Amino acid sequence: MATPAPELVAVAEAFALPGPVTTIAPLGNGNVNDTYLLEVHSGGSTASRYVLQRLNIGVFPQPELVMQNLEALSAHAEQHPLIGQRWEVPRLIANRHTGRPWLWAEGQFWRLQSYIEEAVTVEAITDREQARQVGRGLGLFHLLISELPPEQLADTLPGFHVTPTYLAAYDQALLCSPIGQDGREQWCAAFVEQRRELAPILEDANKAGLLQLRPIHGDPKINNVMLCAHTGTAVSMVDLDTVKPGLVHYDIGDCLRSACNPAGEEACEPDSVKFDLDLCETLLEGYLDAARTSLSDTDLDYIYVSVRLISFELGLRFLSDHLAGNVYFRTTHPNHNLARALVQFRLTESIEAQEEKIRQIVAKLR
């Protein structure tokens, strides 16, 4: 077994661990932070596992505020546990020197959290029960935080999921790097132009008082919902950096967008991308079984709007990053973000083509 990198061990052991670090290995495939799974021996043959993360301070320029949000969430979860079922919020581990759950080291920002044992994530939904549990996981999370006053949370990512902000960033990227002769770029640019009026729809509903700001997860992709390794039931949501005040529709739309595209975000053939209505219905069943009491009828009216908008928004973000030279999302080749944008725009098309059926699903589940 390879010896853990000394610099990572030094970072990890700055936190209040019960023993020495024995192994450290990369964990997951996130696009923003660097994440490691570490094992600690606490005496005898027992071992504990933890998740060490280096936050991307280019994305999160005020990482202490991110951690203060997580502290507020943890305190709320302890005071308002979900009774009668397994549900875990990752536990923050204190810096042994400062007592706060983070560490600055050589200009880098680190945190350590407990590992959710006997739980797994999936990269793509393989059956309806998984869809139900992913929806239920988001619903339980929303139920858990529904009574957490949003003013207790900092807005750590101003403009995050505010689609008009991304449209403005796209226009700026377009000025600096105009669309050329690439047919895929031209198709994507035309797609955006045809849907400019879509961008402010949720923000306008918020300004009109139809939708209210609440605590949200911010990034409820299917691989951020943890499922029990034995029963398959949802037991946790992870990657909580984006917890902040927002509209729950950002979460609902993002979860549906992520879960109901069997081809996946990295689909090699954009034309194969379709929004799966069966998965949509099953996921919403699971979500509403858990969260219906925290939602108004008006909230339900905007579910179709949210899934259409968030898939469009993510495509817009990928396209903007492509034009800007791939500065935000990690890529493996120069046109990676362009390919990702095509997938999301094809998904948006499929959602639009099935608007009436999606609205019927929501009406049936009311």
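# A guided tour of the predicted model

Begin with the largest nonpolar core, which has 93 residues; within this core, Leu256, Phe275 and Leu319 have the most contacts. Helix α10, residues 303-324, supplies the largest share of this core, namely 12 residues. In soluble globular proteins, nonpolar side chains tend to be buried together. Please keep in mind throughout that the model is predicted.

Next, select Phe275 and display its surroundings. Leaving aside residues up to four places away in sequence, Phe275 touches Leu256, Cys260, Cys280, Val307, Leu347, Ser350, Ile351, Gln354 and Ile358. Apart from the largest core lies another core, of 18 residues; Val9, Tyr36, Tyr50 and Ile93 are among them.

## The whole chain

Now zoom out until the entire chain is visible. The protein chain contains 12 helices and 10 strands. Along its principal axes, the C-alpha trace spans about 60 × 50 × 40 Å. How does the radius of gyration of the protein chain agree with that of a compact globule? For 366 residues, a compact globule would have a radius of gyration near 21 Å, and the protein chain has 21 Å, so the two agree.

Buried residues account for 52% of the 366 residues. If a surface is displayed, the accessible surface of the protein chain comes to about 15,800 Å², and carbon and sulfur atoms own 52% of it. Consider also the contacts between residues at least 6 apart in sequence: 72% of them join residues at least 24 apart.

## The five-stranded sheet

Select the strands β1 to β5. These five strands form an open sheet in the order β1-β2-β3-β5-β4, with antiparallel pairing. Which strands stand at the edges? They are β1 (21-26) and β4 (103-105); each has a single partner strand, so one side of each is left without a neighbour in the sheet. On average, and with direction ignored, neighbouring strands of this sheet are turned by 30° against each other.

Within this sheet, highlight β2 (residues 34-41) and β3 (residues 47-55), which run antiparallel and are joined by eight bridges. To follow one bridge, select Thr35, whose bridge partner in β3 is Gln53.

Then move to the loop between β4 and β5, where Glu106 lies. Glu106 has a positive phi of about 55°, although it is not a glycine. Is Glu106 buried or exposed? Its relative accessible area is 83%, and because a residue over 50% counts as exposed, Glu106 is exposed.

## Helix α2 and Ser74

Add helix α2 to the display. This helix lies across β3, β4 and β5 (108-114), and runs at about 15° to β5. Within α2, which covers residues 63-79, select Ser74. Ser74 has a relative accessibility of 17% and therefore counts as buried, the limit being under 20%. Not counting residues up to four places away in sequence, Ser74 touches Val89, Pro90 and Leu92. For a distance to trace in the viewer, take Ser74 and Gly58: they are 16 residues apart in sequence, and their C-alpha atoms are 25 Å apart in space.

## The three-stranded sheet

Select β6, β8 and β9 next. These three strands form an open sheet in the order β6-β8-β9, and the pairing is antiparallel. The edge strands, β6 (119-120) and β9 (234-237), each pair on one side only. Strand β8 (residues 225-228) is joined to β6 by two bridges. One residue to select here is Val120, whose bridge partner in β8 is Leu227. Helix α3 (residues 128-145) packs on this sheet and touches β8 and β9; the direction of α3 makes about 50° with that of β9.

## From helix α3 to helix α4

Follow the chain into the loop between α3 and α4, the place of His161. His161 has a positive phi of about 65°, although it is not a glycine. With a relative accessible area of 3%, His161 is buried.

The last stop is helix α4 (residues 163-176), in which Ala173 is found. Ala173 has a relative accessible area of 11% and is buried. What does Ala173 touch, not counting residues up to four places away in sequence? The residues are Ser320 and Leu323. Finally, select Val192 together with Ala173: these residues are 19 apart along the chain, and 13 Å separates their C-alpha atoms.

Note on methods:
Residues are numbered from 1 along each chain as its sequence is written. This is a predicted model: local features need pLDDT of at least 70, side-chain atom pairs count only at pLDDT 80 or more; totals for chains, interfaces and linings use all residues. Side-chain values use heavy atoms; hydrogens and water are left out. A nonpolar core is a set of buried Ala, Val, Leu, Ile, Met, Phe, Trp, Tyr and Cys residues joined through side-chain atoms within 4.5 Å. Buried means under 20% relative accessible area, exposed over 50%, partly exposed in between (1.4 Å probe, protein chains only). Helices (H or I, at least four residues) and strands (E, at least two) are DSSP runs, numbered from the N terminus. Contact means heavy atoms within 4.5 Å. Two strands pair if DSSP finds at least two bridges between them. Axes are lines fitted to C-alpha atoms, for helices over the stretch in contact, and angles run from 0 to 180 degrees between N-to-C directions. The radius of gyration is taken over C-alpha atoms; the globule rule is 2.2 Å times the number of residues to the power 0.38. Accessible areas come from the Shrake-Rupley method with a 1.4 Å probe; for residues, only the protein chains shown count as cover.
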